[in-house]
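Biologist: Please take a close look at one helix in this model. I am new to the structure, so show me how that part sits in the whole.

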Amino acid sequence: RSEYTEAASSLNSFLSSETKALSDTNNINDLNEQLSKIKQLNETFQQKGKPLFEELSSIFDTIEEENISINDSNSDIDFQTLKSQFEELGSSQKEKEQLIEKELLLQSNSKASPEQIDEFKEVFAYFDKDNSGHLTKLEFKSCLQSLGENPSDDDISQLISEIGDNNEQVSFEKFVDLMVSKATDSNSSDEILSSFREIAGGRDTITEADLRNSSMDPDEIDYLLSAMPVVDGGYDYVAWIESAFK
C-alpha cells in the first residue's frame, strides 16, 4: 500500500507541475518559441510521465488482483482520477502542439486553406504509424500514393534528398510545403484527378472494389475509404481531391 501511495504521489506531483507548465506557455507571445516549449513538454511527458504512470498502473493491477484495500481518502492519489488527468494532459499537449503548427503553417503557406491543412494533417497522421512527427521513405511513398500520386522508388529518393532530414525522413512541415506546391500546380492536381478517374472506369464516383482492384496498398485504400465522402454509387473522389488540391 505504501508503494502505491509513493508512486501515486510522484505521478500527482508530475501532473501538477506539467499542467502548470503547459498553461504558462500561453504567456509566450512568439508562436515558434511556444511550439518549441510545448514539444519539450511532450518529450518530458513521454520520457518521464509515461514511466511514472506505467509503474503506478502495474502496482494498482497487483493491488486489484490481490484484493488489497488502499483505504486512502486523499482523492489526489485515486488511481482513476490520476489516470484521467494523465490522459487529459497528454491530449491537451498534443492538441495545443497541432493547433500552433497549423497556425504557423497557415502563416507560411498563404496559398493553403485551413481545410487543405486539415486534409494534409489527416493523411500525414494516418501514415505516421509511430506518431513520430516524421514519415519514413516507405510511409512517405504510401502517403503520396494514397493522394493519387504514383512515384517510383527513384522519385521518392529524389524527393527525400530535397526535403528529407539527415535520417531520410520527412517532417510534417516539409510534407505540407510539398503538398501546397502540388495543390497550386494545376497540372499536378489534374493528373491526380485523371488517375482516380481511370481507376473508377471514367465515373465520377469510385467504389471500394475499384480501389481494391487497383495497385494501391491496403493501408492506402483504408485511408481513402475513411477520408472520401460517401455518395450514392460509392465514394466522391472528385470532391475529396478538390478539397485537398483546389
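**A covered helix and its surroundings**

Modeller: Helix H5, residues 137-146, is mostly covered, with 8 of its 10 residues buried. Buried means under 20% relative accessible area, with a 1.4 Å probe and protein chains only as cover. A helix is a DSSP run of H or I with at least four residues; a strand is a run of E with at least two; both are numbered from the N terminus.

This is a predicted model: local features need pLDDT of at least 70, side-chain atom pairs count only at pLDDT 80 or more, and totals for chains, interfaces and linings use all residues. Residues are numbered from 1 along each chain as its sequence is written, and side-chain values use heavy atoms, without hydrogens or water.

Which residues of H5 are buried? They are Glu139, Phe140, Lys141, Ser142, Cys143, Leu144, Gln145 and Ser146. Glycine 148 follows the helix, and its phi is positive, near 90°.

Phe140 links H5 to the largest nonpolar core, as one of the residues with the most contacts inside it. The others are Phe175, Phe196, Tyr237 and Trp240, and the core has 41 residues. H5 supplies at least two of them, and so does each of H4, helix H6 (153-163), H7, H8, helix H10 (218-227) and helix H11 (237-245). H7 gives the most, with 6 residues. A nonpolar core is a set of buried Ala, Val, Leu, Ile, Met, Phe, Trp, Tyr and Cys residues joined through side-chain atoms within 4.5 Å. In soluble globular proteins, nonpolar side chains tend to be buried together.

Another core lies apart from this one. It has 25 residues, including Phe14, Phe45, Ile77 and Ile100.

Back to the end of H5. Gln145 and Gly148 both line the second largest pocket. Also in this lining are Glu149, Asn150, Ser195, Phe196, Ile199, Ser215, Met216, Asp217 and Glu220. A pocket is an open set of points on a 1 Å grid over the protein atoms alone, where a 1.4 Å probe fits, with protein on both sides within 12 Å along at least five of seven lines; lining residues have an atom within 4 Å of a point. The space in this pocket is about 200 Å³, counted as what probe spheres on the points fill. Helix H8, residues 186-199, gives the most to the lining, with 3 residues. By class, the lining holds 3 nonpolar, 5 polar and 3 charged residues. Here Ala, Val, Leu, Ile, Met, Phe, Trp, Tyr, Cys and Pro count as nonpolar, Asp, Glu, Lys and Arg as charged, and the others as polar.

The largest pocket has a volume of about 620 Å³. Its lining has 22 residues, and Lys94, Glu97, Asn131, Ser132 and Gly133 lie nearest its centre. Helix H2 (31-65), helix H3 (79-108), helix H4 (114-127) and helix H7 (172-183) each supply at least two lining residues. H3 has the largest share, with 7. The classes here are 4 nonpolar, 10 polar and 8 charged.

Now the whole chain. It has 11 helices and 4 strands. Of its 246 residues, 42% are buried. Take contacts, meaning heavy atoms within 4.5 Å. Among those with a separation of 6 or more, residues 24 or more positions apart account for 67%.

Key. Buried means under 20% relative accessible area, exposed over 50%, partly exposed in between (1.4 Å probe, protein chains only).
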